[in-house]
Amino acid sequence: MSQSAYIKLVDGSVTESVTLEDVKALLLRYQEQTGKTGEQLDWDYRQAAFPYTIETKPGEEHLWFYLKGTDPKYNYIVFGVGEEERDGKKRSYVQVVLPEGCTHGDKSKGNEFCKYIARLWKAELQLFNGRTMFFNPRK
């Protein structure tokens, strides 16, 4: 059975709307940062920290993309964006899906990527296990 996590933009978030390109850009930034960390440590940390390639299906590039594992410990993580009505406003969110056949490594990396993105956007994060983390300034 697949599992989903949601990164929800709320009042106080850095941005009000999100696109797939924004999410891809943050994942590429994550790759770049871990690569620089690896250079400082004289170790190929980029491959260990981001063992995926970013893939899309022809004709569906505007709907979703997925990360395909480059290591046998990792299979797939799917990313999509959407909007929901919340508190009388349209709110953007990112849905991260672990499809059938995903590994424990995929779940760990999915949580890691979700926390990274939610922290940068000061968003609300609903994890795969249903728990919620708040990175936004709350009153």
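**Figure 1. Threonine 56 sits partly exposed in this predicted model.** Threonine 56 has a relative accessible area of 30%. That value lies between the 20% under which a residue is buried and the 50% over which it is exposed, so threonine 56 counts as partly exposed. As for its place along the chain, look in the loop that links strand 2 (52-55) to strand 3 (64-69).

**Figure 2. Here is the company that threonine 56 keeps.** Leaving aside residues up to four places away in sequence, threonine 56 touches Lys24, Glu61, Trp64, Phe65 and Tyr66. How far apart in space are threonine 56 and tyrosine 66? Going from C-alpha to C-alpha, the two are 6.3 Å apart, with a separation of ten residues in sequence.

**Figure 3. Cysteine 102 has no bonding partner within reach.** For the sulfur of cysteine 102, the closest cysteine sulfur belongs to cysteine 114, and it is 12 Å away. A disulfide needs the two sulfur atoms within 2.5 Å, so 12 Å is too far for a bond. Cysteine 102 itself is partly exposed, because its relative accessible area is 27%.

**Figure 4. Cysteine 114 is tucked away as a buried residue.** Is cysteine 114 buried or exposed? Its relative accessibility is 0%, so cysteine 114 counts as buried. Seen from this end, the closest cysteine sulfur is the one in cysteine 102, again 12 Å off and too far for a bond. Searching the whole structure turns up zero disulfides.

**Figure 5. Stepping back, the chain is built from three helices and seven strands.** Follow the sequence from its start and the elements come in the order β-α-α-β-β-β-β-α-β-β. Among the contacts with a separation of 6 or more, 54% join residues 24 or more positions apart.

**Figure 6. The overall size of the chain agrees with that of a compact globule.** For 139 residues, such a globule would have a radius of gyration near 14 Å, and the chain comes in at 15 Å, which agrees. Taken along the principal axes, the C-alpha atoms fill a box of roughly 50 × 35 × 30 Å. Of the 139 residues, 40% are buried.

**Figure 7. A last look takes in the surface and the charges of the chain.** The accessible surface adds up to about 8,200 Å², and carbon and sulfur atoms account for 47% of that. The chain carries 20 positive and 20 negative charges, and the mean positions of these two sets are 6 Å apart.

Terms used:
Residues numbered from 1 in each chain as written. Predicted model: local features only at pLDDT ≥ 70, side-chain atom pairs only at ≥ 80, totals over all residues. Heavy atoms only, no water. Helix = DSSP H or I, 4+ residues; strand = E, 2+ residues; numbered from the N terminus. Buried < 20%, exposed > 50% of the residue type's maximum accessible area, 1.4 Å probe, protein only. Contact = heavy atoms within 4.5 Å. Rg over C-alpha atoms; globule rule 2.2 N^0.38 Å. Areas by Shrake-Rupley, 256 points an atom, 1.4 Å probe, with all protein chains shown as cover. Lys, Arg positive; Asp, Glu negative; His and termini not counted. Charge placed at Lys NZ, Arg CZ, Asp CG, Glu CD.
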